[in-house]
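Work through the following exercises with the sequence and the coordinates side by side. Each task is followed by a solution that proceeds step by step.

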Amino acid sequence: MSERAVIVDRGYRSYDEERLGRRGAMRAIVKEGFRRVLGLRRKARRKVFPWSLIAISVAIAFIFVGLHWVAGVALGPSAPDLPNYGEYFDLNSGIAILFIAFATPALLVPDRVEGVLNIYLSRPLRMVDYLTAKIGALAILVLSFYLVPEILMHLGLSAVSSEGFLSYMGENLDILWKVPVVALAYFAAHASIAVTAAALIPREGFAAGAFFGGLFILNGISELLTQLDMPGSKFAAFFAVEEFPRVIRDWVFDIETVDYLIERSGFDQWTAVPATFGVVILATLIVWARYRRLP
């Protein structure tokens with residue numbers, strides 16, 4: 001006696017909502033990137049590291065404001081020049097490097113290791129869209145890491161200024177373009193190396209370590225090569241990628257912090273700008289070559 005097939009009506013109906021297409025898919029990738037890096041809707045232990053770094057960054061900004069307030073109350077107009085917007089980048093960039101080392105592999109590595117790229121690309125989504133969304137999420141996170149504390153510090157310095165809030169804001173309008181430009185330089189130089197490491201290395205911890213160590217190893221190699229007595233050795237200064245945004249920071253804010261390798265090798269500060277563009281272009285080519293070969 002043959003068995004008969006049983007047909008069960010599951011109430012299937014076709015999808016009749018709005019189809020968001022490529023842009024909707026890219027927005028979803030960006031949103032998921034925020035959740036993954038910041039530990040949103042995840043266990044508490046996934047939130048500890050990123051939010052601790054964010055808290056430290058904001059705390060440093062408030063410490064700067066407190067120093068200015070104390071100096072203004074105690075010494076008045078005779079108060080010495082204290083660390084300001086440009087110098088804040090020096091302290092915050094060290095924390096931001098840790099944040100980038102954590103965030104970049106978290107965004108790029110799991111999708112390759114877990115084999116979900118084909119699922120992404122089964123949607124109306126191209127590889128370039130996927131990479132744009134991932135790097136866009138990283139850019140928003142890292143630039144916010146730099147800009148939000150600077151904005152809070154700017155408001156705080158305006159509030160404690162003896163000149164008055166509006167007067168201080170009016171006299172420091174140049175901060176509105178200087179801070180974003182320098183933040184973009186830090187992101188471009190450091191994130192380029194981090195994205196390249198995350199694209200080539202299939203382990204989050206190893207990719208983070210390669211980025212973090214690679215930055216400072218390149219500094220050491222550059223320092224060593226520039227000291228060699230051979231033609232063109234001074235151009236080795238352009239391997240010191242970690243220093244590029246610091247040189248740009250000094251140039252934009254017209255301050256002198258440290259005599260960086262580019263300057264010691266006889267180059268002007270502005271040369272760090274095309275050098276940074278070069279790093280971004282090289283990283284883009286490497287990452288694209290890596291991902292276009294993926295299934």
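**Exercise 1. An aromatic pair in a helix**

Task: In this predicted model, establish whether Phe216 is buried or exposed or in between, and then describe how its ring is arranged relative to that of Phe212.

Solution. Begin with accessibility: Phe216 has a relative accessible area of 40% and therefore counts as partly exposed, since that class lies between under 20% for buried and over 50% for exposed. Phe212, at 35% relative accessibility, is likewise partly exposed. Next, take the geometry, for which a pair of aromatic rings is described by the distance of the centres and the angle of the planes. The centres of the Phe212 and Phe216 rings are 5.6 Å apart and their planes make an angle of 70°, so the pair is edge-to-face, a class that requires an angle over 60 degrees. Finally, place the pair in the fold: both residues belong to helix α8 (residues 204–226), where their spacing of four residues separates them by about one helical turn. This pair is one of eleven aromatic pairs in the structure, and ring pairs also link Phe89, Tyr146, Tyr186 and Phe253 into a cluster.

**Exercise 2. A salt bridge between a helix and a loop**

Task: Determine which parts of the chain are tied together by the salt bridge of Glu32 and Arg42.

Solution. The contact itself comes first: the two side chains, of Glu32 and Arg42, meet with an N to O distance of 2.9 Å, which is within the 4 Å cut-off for a salt bridge. Glu32 lies in helix α1 (residues 21–38), whereas Arg42 lies in the loop between α1 and α2 (45–75), so the bridge ties together parts that are ten residues apart in sequence. As for their surroundings, Glu32 is partly exposed at 22% relative accessible area, and Arg42 is partly exposed at 27%.

**Exercise 3. A network of charges**

Task: The structure holds ten salt bridges; find which residues are linked with Glu242 in a network, and decide whether Glu242 is buried or exposed.

Solution. Start from Glu242, which bridges to Arg246 with the closest N and O atoms 2.5 Å apart. A further bridge joins Asp250 to Arg249 at 2.6 Å, N to O. The network of salt bridges links Asp90, Glu242, Arg246, Arg249 and Asp250. Turning to accessibility, Glu242 is buried at 5% and Arg246 is buried at 11%, while Asp250 is buried at 1% and Arg249 is buried at 0%.

Conventions
Residues are numbered from 1 along each chain as its sequence is written. This is a predicted model: local features need pLDDT of at least 70, side-chain atom pairs count only at pLDDT 80 or more; totals for chains, interfaces and linings use all residues. Side-chain values use heavy atoms; hydrogens and water are left out. Helices (H or I, at least four residues) and strands (E, at least two) are DSSP runs, numbered from the N terminus. Buried means under 20% relative accessible area, exposed over 50%, partly exposed in between (1.4 Å probe, protein chains only). Rings of Phe, Tyr and Trp (its six-membered ring) pair if their centres lie within 6.5 Å; planes under 30 degrees apart count as stacked, over 60 as edge-to-face and the rest as tilted.
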